[in-house]
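Q: I am new to reading protein models and would love a close look at one part of this one. Could you take me through it step by step?

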Amino acid sequence: MAARSWREAKEIADREGAELVFHNYDTKEYGACSRDTTFGCFVKGEFVEERCICMPATFSSEELEKKEQAFLADNPGWAD
């Protein structure tokens with residue numbers, strides 16, 4: 001199930017018992033997942049990974065937002 005924010009992703013994780021929440025920068029979606037989830041698609045028979053930030057669902061939505069902003073500040077150009 002796709003979400004539009006860390007808050008919605010956290011609600012999904014809490015409801016479904018998922019251990020992680022994510023923000024997929026390539027699909028612009030947020031959501032909940034397990035540790036063995038991979039993000040990507042096949043292009044001409046080759047798997048291409050998508051850029052995602054995954055964090056434990058135990059963080060509050062405010063903590064998730066702060067950690068995402070810190071990651072982006074420490075890694076300029078990553079989300080471009």
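Is Trp78 buried, partly exposed or exposed?

A: Happy to help! Trp78 is partly exposed, because its relative accessible area is 25%; buried means under 20% relative accessible area, exposed over 50%, and partly exposed in between (1.4 Å probe, protein chains only). Please keep in mind that this is a predicted model, where local features need pLDDT of at least 70 and side-chain atom pairs count only at pLDDT 80 or more, while totals for chains, interfaces and linings use all residues. Residues are numbered from 1 along each chain as its sequence is written, and side-chain values use heavy atoms, with hydrogens and water left out.

Now to the company that Trp78 keeps. Tyr25 and Trp78 form an aromatic pair with 5.2 Å from centre to centre and 80° between the planes, which is edge-to-face. Here is the rule behind that word: rings of Phe, Tyr and Trp (its six-membered ring) pair if their centres lie within 6.5 Å, and planes under 30 degrees apart count as stacked, over 60 as edge-to-face and the rest as tilted. Tyr25 is in the loop between β1 (20–24) and β2, and Trp78 is in the segment after α2 (61–74), so their pair ties together parts that are 53 residues apart in sequence. The helices (H or I, at least four residues) and strands (E, at least two) are DSSP runs, numbered from the N terminus. Tyr25 counts as buried because its relative accessibility is 11%.

Phe71 joins these two residues: Tyr25, Phe71 and Trp78 form one aromatic cluster. Trp78 also has a charged partner, since the charged end of Arg51 sits over its ring, 5.8 Å from the centre. For this, NZ of Lys or CZ of Arg must be within 6 Å of the ring centre and within 35 degrees of the ring normal. Another such arrangement involves Lys67, which lies over the face of Phe59 at 4.7 Å from the ring centre.

The structure holds five aromatic pairs. One of them joins Phe42 and Phe47, with ring centres 5.3 Å apart and planes at 65°, so this pair is edge-to-face too. Phe42 counts as exposed at 62% relative accessibility, and Phe47 is partly exposed at 35%.

Let us step back to the surroundings. The protein has two helices and five strands, running α-β-β-β-β-β-α from the N terminus on. Its largest nonpolar core has 13 residues, and Trp6 and Val21 have the most contacts inside it. A nonpolar core is a set of buried Ala, Val, Leu, Ile, Met, Phe, Trp, Tyr and Cys residues joined through side-chain atoms within 4.5 Å. α1 (6–16), β2 (29–33) and β5 (52–56) each supply at least two residues of this core, and α1 gives the most, with four. Apart from this core lies another, of five residues, among them Phe22, Cys33, Phe39 and Cys52.

The buried residues of α1 pack against β1, β2, β5 and α2. Within α2, Ser61 counts as buried at 14% relative accessibility. Leaving aside neighbours within four places in sequence, Ser61 is in contact (heavy atoms within 4.5 Å) with Trp6 and Arg7.
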